[in-house]
Protein chains: 2
Amino acid sequence: MYKINENYLKLPGSYLFSTIGKKVGEYKTANPDKDIISLGIGDVTLALAPVVIQALHGAVDEMANAETFKGYAPDLGYEFLRSAIAKNDYKARGVDIDIDEIFISDGAKSDSGNIGDIFSNDNKIAVCDPVYPVYVDTNAMAGRTGDYVESTGKWSNVVYMPCTAETNFAPEIPKETPDIIYLCFPNNPTGSTITKTELQKWVDYALESGAIIIYDAAYEAYISEEDVPHSIYECEGAKKCAIEIRSFSKNAGFTGTRLGFTVIPKDIKSDGTMLNSLWARRHGTKFNGAPYIIQKAGAAIYSEEGKKQTKDMVAYYMNNAKMICEELKNAGYNVSGGINAPYIWLKTPDNMTSWEFFDRLLENANVVGTPGSGFGPSGEGYFRLTAFGSYENTKKALERIKNL
Amino acid sequence: MYKINENYLKLPGSYLFSTIGKKVGEYKTANPDKDIISLGIGDVTLALAPVVIQALHGAVDEMANAETFKGYAPDLGYEFLRSAIAKNDYKARGVDIDIDEIFISDGAKSDSGNIGDIFSNDNKIAVCDPVYPVYVDTNAMAGRTGDYVESTGKWSNVVYMPCTAETNFAPEIPKETPDIIYLCFPNNPTGSTITKTELQKWVDYALESGAIIIYDAAYEAYISEEDVPHSIYECEGAKKCAIEIRSFSKNAGFTGTRLGFTVIPKDIKSDGTMLNSLWARRHGTKFNGAPYIIQKAGAAIYSEEGKKQTKDMVAYYMNNAKMICEELKNAGYNVSGGINAPYIWLKTPDNMTSWEFFDRLLENANVVGTPGSGFGPSGEGYFRLTAFGSYENTKKALERIKNL
């Protein structure tokens, strides 16, 4: 008699964004004439950059001809893409990453979920609170998080690192030593960042305690301040203790195009075993590569023209972010984020809970945001807005929020 | 101190096709002037069908315009694709599959590896021997297979179902009752099939013993005989005990384009929990959808023109299969498969081991095939050739093999 993975039954409710999608869908069905603006899920709205479109068409044409047709991709991804990444994302910042340390994937969400495969189930994880739900949920599925305690909104075997106004939305070194530490900067959902000096403390702590850091740098393209690191490998010793996950979703609008990568330096070893080899094995056995045409599209953003075009996209969204911050501040909201990240994190007014504010915003302003409590118990009383809407919609949404 | 998943260390060698790739690469480096023909890995060589190319270009153009741009896809995949699948792959064969029972993915390899996530680690699996390595390797990674025993080439906690000339390359109901049964028909690597009556016996056995069947139907497009089922759901009761995995790789040449799907009927329940819900949760949490443009490409093969074009591709490869079978038989080889599948399974001559024959073929004929022992201990003494080469190369390869 087969048995299911009972860890799944411990998961409370559904995946956050599925719940929001359902709520919005129900509201739309009941109010078909309402013009709903979503500043909720972190999905982009601008079209793909012209260089990307051109690369896609070009690659499709290659697939139309047996001479240039591409079948199964190399396990780690095409070298043209891994070279471009090594050169532009790392070498250009003074970081040496070998192309065999880069694994192309179908996105940062898959990678941050699947990376758990190469670790034993009896590791204890530490996460920021609030946090991108995928880290905790996927560890819960693996049985690493203990039990979910309804009353606290916490898992019994997870180290939570509160990131609230009191900590300036940055985590503090936890009292209890974890084995795996998830960090995400610029942060989703709070939009906060930490300086290179602060990040170095985490690297030092990991090296000292034997922990590994899983560093989600999906939003690095949004960094505008000088002393904020784009990669954890800018910190000394990080190549011995940190895995970095990157995405093409937010810098180049690939949310529906799907491309990302994970860096596992060969220096990370556990009892002599390279984690790089474990991930290579997983990658080769449970994944069959990102589509050739998508890898070509990804490589296009590293051309001079591609850099300019994607930079313009980021600037467009950051202009929205600035407008959201300013308008909300003017309206009396308590706001953070939005400077090095496309996320604005606000304190809910009138002591409302996150979901109460969600409902109020949906029903009275027809604007969709994300309840802070969906990201963890310390997110209660906060709310996330994204800068990924169009300028016009964002402006309209802000008018409505101001008139709430 | 973090701990790795030590199950990975139990895996013998590397993934079969990575090993072959390495061997061939080394031979090429040492013999740069040799013209090597690969009939090894099951990778296609024909260009994508014109309807697919047209759909890709069209979808790329949609991504170029903010009005028609697509971000994150629906969790289960786009409805246009799931509807086309439900109608053409199932309804047309008299099988009712709801579109919410269909999960679009980036390919059958990912799905057949990841499906283990929703099952407890203390299930016992049964596999055909020989078998597609992904089933066993991914279960080994999860810790379900016990230890690898070098002397037998078997895992200590796996039920092996030998498929050799003696069993007509079909598995027999095992003596020891397994929890999860992997079946793949048309079979990779042997190219064998079983009739609907024979498959019904497996469904009945699963229902009776409380086992679940994971049915890999990636090669169904190659079925030419009437009484061979295209889907396990053609059997009565299968919707209560079988998960079916399908691919666009072999019927439409998507090996480098990446698209597949998994069907989990809502009737499959364990203690009242629908496996469909568990997989939906995994899909929504650890995966972010196949690219929109690829899903559009997949839908194109269900148009009238698309059906014709992909049927022609299959016919092209099956013409190769027929030629391989005939020529090898004429040359005195003992051959099976190749009638309902693009794989030809041959007995190695002169009592050579599979790897000995691999080396002989590579070095003396410059032809790459796949050693049967790579698929399991009962594959020893056998060898797999694929029909996925070009007609010209396949013909040339056969000339060389005949002159060995």
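By what turn and what shift along the axis can chain A be laid on chain B? In this predicted model, numbered from 1 along each chain as written, with chains lettered from A in the order written, a turn of 180° and a shift of 0.0 Å along the axis lay chain A on chain B with an RMSD of 0.0 Å. Local features need pLDDT of at least 70, side-chain atom pairs count only at pLDDT 80 or more, and totals for chains, interfaces and linings use all residues. Superposition was by least squares on the C-alpha atoms of residues with pLDDT of at least 70 in both copies. The relation is that of a two-fold axis. In chain A, the C-alpha of His57(A) is nearest the axis, 3.1 Å from it.

The contact (C-beta atoms, placed from the backbone, within 7 Å) takes 71 residues from chain A and 72 residues from chain B. Helix 9 (275-286) of chain A is among the elements that give two or more residues to the side touching chain B, and gives the most, with 6 residues. Helices here are DSSP runs of H or I of at least four residues, and strands are runs of E of at least two, numbered from the N terminus.

In chain B, 6 of the 6 residues of strand 9 (residues 242-247) are buried, so this strand is largely enclosed by the rest of the structure. A buried residue has 20 or more other C-beta atoms, placed from the backbone, within 10 Å of its own. Strand 9 of chain B pairs (at least two DSSP bridges) with strand 8 of chain B in the parallel sense over 4 bridges.

Note on methods. Contact = placed C-beta atoms within 7 Å. Buried ≥ 20, exposed ≤ 12 C-beta atoms within 10 Å, placed from the backbone.
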